[in-house]
Amino acid sequence: MTSNLNSLAEARRAAASPLFADLAGDIGVSFEFFPPKTEKMEAQLWDTFRTLEPLGPSFVSVTYGAGGSTRERTHATVARIAAESRVPPAAHLTCVEASRAEIDEVARAYWEAGVRHIVALRGDVPGGEPYRAHPDGYANAIELVAGLKAIAPFDISVAAYPETHPDATCPQSDLDNLKRKLDAGATRAITQFFFSPDSFLRFRDAAAAAGIEAPIIPGILPVSNVSQTRRIADMCGTAIPAWMVSLFDGLDDHPAARQLVAATIAAEMCRRLYAGGVRDFHFYTLNRAELSYAICHLLGLRPVSTAKDQAA
């Protein structure tokens, strides 16, 4: 009851004052990157990481390509973060096109490299084909979580879907699947991106009603390329509102304006989530810092002071 009253009070305050006025900066954040393919992309990734690092993320995750196609690059990126930063890295790991022995080998290599956090996913088959488990592999994310826990005491994140996974028969079966992943040993769930705050808040409440007590962190994708986002959204069942598409109309030749529109849309959504009691956010950065940094700033988050700063 107290939590609901606090949310109502925060919603009233948001409606009665400037949207981002006097926020406490009491949020936690994490960021997702993808492993670079070229030296130029690698330089951009590390520039992005170093820009976001002072915001004190609870972790940063690195994706794993379809069918393990980025296995070596993912491992190299995660291992470097573990070696050069105090920010805990999380490595994505999927079940697709790999045996249990191969996946277990990857997991042990992460543990030996000092990586303690895995984002455990079923994964998607390359080319958009229907998912089929490897005959000698983990059948799904539930089995993968249990297998990882048998190897080492990993901190494990799993995926959640506010608008229901495309392969699920119904929202309730999707919730049941999420609960089984958490019961198998996962610590938290990170959602697929979405563009309706209410869809996340309803999902969060439904999860709580289903007995899910683990944290569910909203995944935030600041959009500046609608065509690219639509392709990804079609694969994961995320709805893109018509009003959002229309806001980007006519901006193809105006990248700076697109950035401003993208930041405005994502920041307002995060502000509404904040009013609904959300205090942790996971940003899909696409290896770019500007949008995620701006949104965090609007939400009141400031760089963590270093010993050097304090001594100055």
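Helices here are DSSP runs of H or I with at least four residues, numbered from the N terminus, and their axes are lines fitted to C-alpha atoms over the stretch in contact, with angles running from 0 to 180 degrees between N-to-C directions. You are looking at a predicted model, where local features need pLDDT of at least 70, side-chain atom pairs count only at pLDDT 80 or more, and totals for chains, interfaces and linings use all residues. Residues are numbered from 1 along each chain as its sequence is written, and side-chain values use heavy atoms, leaving out hydrogens and water.

**First stop: α4 and α5**

Select residues 100-112 for α4 and 141-151 for α5; their axes come within 10 Å and cross at roughly 50°. The two helices are therefore oblique to each other, a word for angles outside the ranges under 35, 65 to 115 and over 145 degrees. Now show the side chains in contact (heavy atoms within 4.5 Å): Arg100, Ile103, Asp104, Ala107 and Arg108 from α4, with Glu143, Leu144, Leu148 and Ile151 from α5. Coloured by type, this set gives five nonpolar residues, four charged and no polar. Nonpolar covers Ala, Val, Leu, Ile, Met, Phe, Trp, Tyr, Cys and Pro, charged covers Asp, Glu, Lys and Arg, and polar takes the others, Gly among them.

**Next stop: α3 and α4**

Keep α4 on screen and add α3, residues 71-84; here the axes come within 11 Å and cross at roughly 20°. That makes α3 roughly parallel to α4. Which residues of α3 meet α4? Pick Arg71, Thr74, His75 and Val78, and opposite them Glu102, Glu105, Val106, Ala109 and Tyr110 of α4. This contact divides into four nonpolar, two polar and three charged residues.
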